[in-house]
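Hello,

Here is the structure I promised to pass on to you. Please have a look at it first, and then read on for my notes.

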Amino acid sequence: MLPNVSRPNATDHVPVLADEVREALAVHPGETVVDATFGAGGHAELIAADLQGSGKLIAIDRDPSVRTYFDHAARTGITRRFLRGEFSDVLEQLAANGSRADAVLFDLGVSSMQIDRPERGFSYATDAPLDMRMDPGAETSARELVNEASERELTRIFREYGEERYARPIARAIVRRRRERPFERTGELVDTIKAAIPAPARFGDGHPAKRVFQALRIAVNDELGSLETALPSALAMLRPGGRLVVISFHSLEDRIVKRFLRSRERGCTCPPDFPICVCGHEPELRALSRRPVKPSPQEQAANPRASSARLRAAVKTGNDE
Ligand SMILES: C[S@@+](CC[C@H](N)C(=O)[O-])C[C@H]1O[C@@H](n2cnc3c(N)ncnc32)[C@H](O)[C@@H]1O
């Protein structure tokens with residue numbers, strides 16, 4: 001039974017795959033757990049409950065506005081630290097300082113609070129300043145990217161990160177439009193995207209600006225780059241027997257996680273024609289399942305934002321396992 005915890009607008013963000021996260025993290029009292037994407041603290045609340053009053057929670061987030069959720073979370077007797085910053089930097093520093101953890105959780109992407117606050121500029125559904133930075137202090141916002149990146153670079157971003165079929169015509173239309181007047185607002189971008197897509201393609205398959213907005217968000221926040229860097233640091237922090245749990249929301253992230261787990265599950269990396277192993281590599285991880293865990297139909301119905309979630313988890317191998 002979870003403790004009754006009061007958080008500001010605790011209904012803002014519903015933690016996805018809550019039972020599955022709890023099972024994969026397998027938190028025991030006395031352990032140290034890192035929540036690398038604290039958000040509204042929904043998963044952290046479950047972790048704190050499983051620590052049962054003894055242990056340590058290290059919460060990381062690059063969005064300073066989530067600090068209020070951390071401050072309002074119930075004091076449950078555990079040691080708690082909030083580290084604001086990019087998780088790849090924070091985890092690298094922690095690992096380098098010799099900090100160790102028994103479990104690390106990543107719940108990637110943006111939170112409902114970030115999407116639903118129009119002033120953050122993540123949503124194509126409301127007209128707002130073009131921003132999309134998870135860390136409002138970060139140098140580059142969507143406004144700079146849309147107004148300054150070359151047509152070629154915009155095409156690449158829309159194609160690679162958004163899998164947008166009309167990447168090139170949209171990039172061309174953006175460059176043409178910004179020669180007259182720079183983009184300031186999400187609504188202007190949505191109008192330009194819609195006008196650049198052939199009429200029949202504007203209907204079906206979700207909002208016509210959905211893929212471009214996703215692509216810009218990924219690029220603005222370097223989401224794939226920071227995940228690639230963070231996973232080895234998280235592994236370095238884990239004690240043998242420690243659990244690594246990652247929830248991703250699109251195939252690009254999931255592919256990075258899958259490849260990382262596979263590469264660290266492999267032992268010997270010698271060429272297949274070597275008669276004996278000379279590399280001496282041992283597997284570092286053991287995946288908990290081959291296939292990613294998906295939300296149940298009930299969870300998807302109750303929380304449509306959870307629909308694309310994919311959870312992958314692994315245990316660090318080693319003596320104490
Ligand atoms: C999906 S939400 C997490 C929600 C949280 N698990 C909960 O239950 O409330 C993702 C959070 O991670 C943060 N985030 C995403 N990428 C990050 C990164 N590279 N470094 C630090 N924080 C990041 C976002 O700012 C956001 O608050």
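**Strands, salt bridges and surface patches**

Let me start with a pairing in the strands: the bridge partner of Val33 in S2 is Leu57. Please keep in mind as you read that this is a predicted model.

Val33 belongs to strand S1, residues 32–35. From that strand Thr32 and Val34 point one way, while Val33 and Asp35 point the other way. Which are they, buried or exposed? All are buried, on either side of the strand. The pairing of S1 with strand S2 (residues 56–61) is parallel and runs over 4 bridges.

S1 also pairs with S4, again in the parallel sense, over 3 bridges. Here Val34 is the residue to look for, as it stands opposite Val104 in S4. Val104 in turn stands opposite Leu244 in S5. That second contact is part of the parallel pairing of S4 with strand S5 (residues 238–248), which has 6 bridges. If you follow the strands in this way, you go from S2 to S1, on to S4 and then to S5.

Why is S4 described as largely enclosed by the rest of the structure? Strand S4 covers residues 101–107, and 7 of its 7 residues are buried, so the rest of the structure largely encloses it.

Next, the backbone. Most residues other than glycine have a negative phi, so two places may catch your eye. Ala26 has a positive phi, near 45 degrees, and is not a glycine. It sits in the loop between helix H1 (18–25) and S1, and Ala26 is partly exposed, with a relative accessible area of 29%. Met132 has a positive phi as well, of about 70 degrees, and is not a glycine either. You will find Met132 in the loop between helix H5 (112–116) and helix H6 (142–148). Its relative accessibility is 0%, so Met132 counts as buried.

Now to the charged side chains. How many salt bridges does the structure hold? There are 21 salt bridges, and I picked out a few for you.

One of them joins Arg172 and Glu151, whose side chains meet at 3.7 Å, N to O. Arg172 is in helix H8 (residues 167–180) and Glu151 in helix H7 (residues 151–162), so this pair ties together parts that are 21 residues apart in sequence. Arg172 counts as partly exposed at 38% relative accessibility, and Glu151 also counts as partly exposed, at 28%.

Another salt bridge is formed by Arg312 and Asp254, with the closest N and O atoms 2.7 Å apart. Since Arg312 lies in strand S7 (residues 310–316) and Asp254 in helix H12, the pair ties together parts that are 58 residues apart in sequence. What about their surroundings? Arg312 is buried, with a relative accessible area of 9%, and Asp254 is buried too, with 12%.

Helix H12 turns up again in the salt bridge of Glu284 with Arg264, where the closest N and O atoms are 3.2 Å apart. This pair links distant parts of the chain, 20 residues apart, with Glu284 in the loop between H12 and S6 and Arg264 in helix H12. Glu284 counts as partly exposed at 31% relative accessibility, and Arg264 counts as partly exposed at 25%. There is also a network to look at: salt bridges that share partners join Arg143, Glu144 and Glu184 into one.

Finally, the surface. Which residues form a positive patch there? The patch is made by Arg255, Lys258, Arg259 and Arg262. Of these, Arg262 has its place in helix H12, which covers residues 251–265. Arg262 is partly exposed, with a relative accessible area of 38%.

A nonpolar patch is formed on the surface by Phe274, Ile276 and Val278, with about 320 Å² of accessible area together. Val278 is in the loop between H12 and strand S6 (285–287). With a relative accessible area of 58%, Val278 is exposed.

Happy to hear your thoughts once you have had a look.

Best wishes

Notes:
Residues numbered from 1 in each chain as written. Predicted model: local features only at pLDDT ≥ 70, side-chain atom pairs only at ≥ 80, totals over all residues. Heavy atoms only, no water. Patch = residues over 30% accessible without salt bridge, like charges linked within 9 Å, V, L, I, M, F, W, Y side chains within 5 Å. Areas by Shrake-Rupley, 256 points an atom, 1.4 Å probe, with all protein chains shown as cover. Salt bridge = Lys/Arg side-chain N within 4 Å of Asp/Glu carboxyl O. Lys, Arg positive; Asp, Glu negative; His and termini not counted. Charge placed at Lys NZ, Arg CZ, Asp CG, Glu CD. Helix = DSSP H or I, 4+ residues; strand = E, 2+ residues; numbered from the N terminus. Buried < 20%, exposed > 50% of the residue type's maximum accessible area, 1.4 Å probe, protein only. Pairing = 2+ DSSP bridges.
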